[in-house]
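Trainee: I'd like to learn how to read helix packing and burial from a set of coordinates. Could you walk me through an example?

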Amino acid sequence: MSEDARTLARLRWRSRRGMRELDALLTRYLDQCWHAAAIDERASFERLLACEDTVLWPWLSGREQSEDASLNALVQRIRSLPVRP
């Protein structure tokens, strides 16, 4: 298994949350954006995964915003991703 495949598997595991809605949003980002993401966006995603579900859900549901501009931009990107069957 390549280093990139191991990293993606680790991130996929960390994207499994206590809420199915969060799982769907975070894994959608991994599937649609991770490979093409810039290094700084990838770092922001890892910081996002370090947040508690009680913080993430209000951000990803659009009820609150992060004070961190890079996290807020990433959350907006994740929220705008199309749902694919």
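Mentor: Sure, and keep in mind that this is a predicted model. Start with a pair of helices: the axes of H1 and H2 cross at roughly 165° and come within 9 Å. Angles over 145 degrees count as roughly antiparallel, so H1 is roughly antiparallel to H2.

Trainee: Which residues of H1 and H2 make the contact?

Mentor: From H1 you have Leu-8, Leu-11 and Arg-12, and from H2 there are Thr-27, Leu-30 and Asp-31. Sorted by class, the contact of H1 with H2 has 3 nonpolar, 1 polar and 2 charged residues. As for handedness, the crossing of H1 and H2 is left-handed.

Trainee: At what angle do H2 and H3 pack?

Mentor: About 160°, with the axes of H2 and H3 12 Å apart. H2 and H3 are therefore roughly antiparallel to each other, and their crossing is left-handed. Here Leu-26, Tyr-29 and Leu-30 of H2 meet Glu-41, Phe-45, Leu-48 and Leu-49 of H3. That contact of H2 with H3 divides into 6 nonpolar residues, no polar ones and 1 charged.

Trainee: H2 keeps coming up. How many residues does H2 have, and what span is expected?

Mentor: H2 covers residues 20-32, which is 13 residues. From first C-alpha to last, H2 reaches 18 Å, close to the 18 Å expected at 1.5 Å a residue.

Trainee: And which residues in H2 are buried?

Mentor: Leu-22, Leu-25, Leu-26, Arg-28, Tyr-29 and Leu-30. To see what covers the buried residues of H2, look around: the cover includes helices H1 (3-14), H3 (39-49), H4 (53-60) and H5 (69-80).

Trainee: Let's try a loop. Is Ser-15 buried or exposed?

Mentor: The cut-off for buried is under 20% relative accessible area. Ser-15 has 0%, so Ser-15 is buried. Ser-15 is found in the loop between H1 and H2. Leaving aside neighbours within four places in sequence, Ser-15 is in contact with Asp-23, Leu-26, Thr-27, Leu-30, Phe-45 and Leu-49.

Trainee: One more, from a helix: why does Val-75 count as buried?

Mentor: Val-75 counts as buried because its relative accessibility is 2%. Val-75 is found in helix H5. With neighbours within four places in sequence set aside, Val-75 is in contact with Leu-48, Trp-59 and Leu-60.

Trainee: What separation do the C-alpha atoms of Val-75 and Arg-47 have?

Mentor: Those C-alpha atoms are separated by 12 Å, with Val-75 and Arg-47 lying 28 residues apart along the chain.

Terms used
Residues numbered from 1 in each chain as written. Predicted model: local features only at pLDDT ≥ 70, side-chain atom pairs only at ≥ 80, totals over all residues. Heavy atoms only, no water. Helix = DSSP H or I, 4+ residues; strand = E, 2+ residues; numbered from the N terminus. Expected span 1.5 Å × (residues − 1). Buried < 20%, exposed > 50% of the residue type's maximum accessible area, 1.4 Å probe, protein only. Contact = heavy atoms within 4.5 Å. Axes fitted to C-alpha atoms, helices over the stretch in contact; angles between N-to-C directions. Parallel < 35°, antiparallel > 145°, perpendicular 65-115°, else oblique. Left-handed = near helix turned anticlockwise from the far one by under 90°. Nonpolar A, V, L, I, M, F, W, Y, C, P; charged D, E, K, R; others polar.
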